[in-house]
Amino acid sequence: MELQVETVFQTVRDKEFLRIADKVLNEKRINQEEALYLYRSNELTALGLLAEYINRKKNGMYAYFIVNRQINPTNVCMYQCDFCAFGVKKSDPKAYEMSMEEILKKVEELYLMGGREVHIVGGIPSYWDYDKYVSIVREIKKRFPEIIIKAWTAVEIHHMAKISGKSYEEVLSELKEAGLDALPGGGAEIFSERVRKIIAPYKANAEEYLEVHRVAHKLGIPSNATMLYGHVETLEERVEHMEMLRRLQDETGGFQVFIPLAYWPEGTRLGGTRTSSVDDLKTIAISRIYLDNFDHIKAYWVTLGEKVAQVALNFGADDLDGTIQEEKIVHAAGTKSAYGHSVDKLVNLIKKAGKTPAERDTFYRVVRVYD
Ligand code: V47
Ligand code: SF4
């Protein structure tokens, strides 16, 4: 059945909302002003329906998940971003660093349960040398060649280039040669210079983040993109962030998924309050509509909570991330989500959202459908 904007949206009285909705249904790109209008509108259910319509055209009734594991090898970090409760100084009693044996043990546990992906991201200690990052990838690949390694954010890649004197291209090529398969999307935060000066003044800036991803795509390394929202940024700055990603995706086509990350304030220097579920759902829906050149939008259950993530699967998102097993970054900032989920739990969450659970690998190749 074809959706007709007049009948589906008959309860919506806002003419400008309807004009934008019609544009979206006609597969025309919306601009930044129109995205802002959608953010400021109170037509939440119509917005969700619009985003979900786009999502179903791209992904049908599938909602994806992956059997994966996060490994955060250390929480010692020289950058001390104000929104982050995870990164601590070496002298902090909470500071830890995993040995290579501990890291390999964690990968082995994943391997034995049939997992497919390790997602490695952590703090950036001033005393780690370049080879440390490369050797973690190399050792994992050597022992577990079937495991897909999604490791090191653009911020870490930029840092590696800085300490080694190598170019992004050299660093990424060496990591690829060691066994790196994909880059995670962390470190993007909000691209606005104004915001970065407040929340993360010392690490890679927007241009550097985007350039790392550009080079990765050129080398055939796919990557993900994130946006940390709900702190000091304006709605304009969120939309500008999406615009910069949309432009790079037009150029390279190398992004696989966009992941809006809801900010958790507990234990951070920045403080503030949690996002509302309405804001979370709007952000999922608007990103689905705005990023028309991205195939996937992730409802990351760790930041959204399981319940909002489930609703988000009907607001334009098509992916829940995965079993994860152990997550330290957002848990340090107060999330009450479980540390990990079983496959059964994720399958159930998805089925109860009215979607078909599709287990995937890192590259969105379907491994198993749970009808
Ligand atoms: O870059 C840090 C964020 C990110 C907080 O690529 C916080 O598939 C909320 O990027 N509240 C790391 N978020 C996690 C990440 C990620 C997660 C899942 C999947 C993928 C992927 C990437 O966590 C950091 C930062 O943006 N973060 N502190 C906080 N207080
Ligand atoms: Fe370090 Fe990343 Fe936390 Fe910033 S967000 S303090 S770079 S771990």
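# A tour of two annotated residues and two ligand shells

Begin by selecting Phe83, which sits in the loop that joins strand E2 (68-71) to helix H5 (100-112); bear in mind throughout that the model on screen is a predicted one. Phe83 counts as buried because 23 C-beta neighbours fall inside 10 Å, where 20 or more are required for that label. If you set aside the neighbours within four places in sequence and display what remains in contact with Phe83, you should find Ile199, Leu228, His231, Tyr263, Thr268 and Leu270.

Next, select Glu189, whose place is in the loop between helix H8 (168-178) and helix H9 (193-199). Glu189 has 26 C-beta neighbours inside 10 Å and therefore counts as buried. Its contacts, again without the neighbours within four places in sequence, are Arg196, Ile199, Ala200 and Leu228. Ile199 and Leu228 are thus worth keeping on display, since they appear among the contacts of Phe83 and among those of Glu189.

What does the UniProt record list for Phe83 and Glu189? In an unreviewed entry, UniProt gives both under "binding site". Although the two are spread over 107 residues of sequence, they cluster in space, with a largest C-alpha distance of 9.6 Å.

Now widen the selection to residues 63-292, the range at which UniProt, also in an unreviewed entry, places the feature "domain: Radical SAM core". Over this range the chain is 44% helix and 13% strand, and the C-alpha atoms at its ends are 18 Å apart.

From there, move to ligand 2 and show the residues around it, which are Cys77, Tyr79, Gln80, Cys81, Cys84, Phe86, Gly87, Gly123, Ile124, Val155, Ala200 and Lys203. Ala200 links this stop to an earlier one, being listed around ligand 2 and also in contact with Glu189. Coloured by class, the shell around ligand 2 divides into 8 nonpolar, 3 polar and 1 charged residues.

Finish at ligand 1, which has 23 residues around it, of which Pro184, Gly185, Gly186, Asn224 and Ala333 come nearest. Strand E5 (223-229), strand E6 (255-262) and helix H15 (329-332) are the elements that each give two or more residues to this shell. Which element gives the most to the shell around ligand 1? The answer is E5, with 3 residues. By class, the shell around ligand 1 holds 14 nonpolar, 7 polar and 2 charged residues.

Methods
Residues numbered from 1 in each chain as written. Chains lettered and ligands numbered in written order. Predicted model: local features only at pLDDT ≥ 70, side-chain atom pairs only at ≥ 80, totals over all residues. Near = placed C-beta within 6 Å. Helix = DSSP H or I, 4+ residues; strand = E, 2+ residues; numbered from the N terminus. Nonpolar A, V, L, I, M, F, W, Y, C, P; charged D, E, K, R; others polar. UniProt positions renumbered as here; feature names shortened; annotations may be inferred. Buried ≥ 20, exposed ≤ 12 C-beta atoms within 10 Å, placed from the backbone. Contact = placed C-beta atoms within 7 Å.
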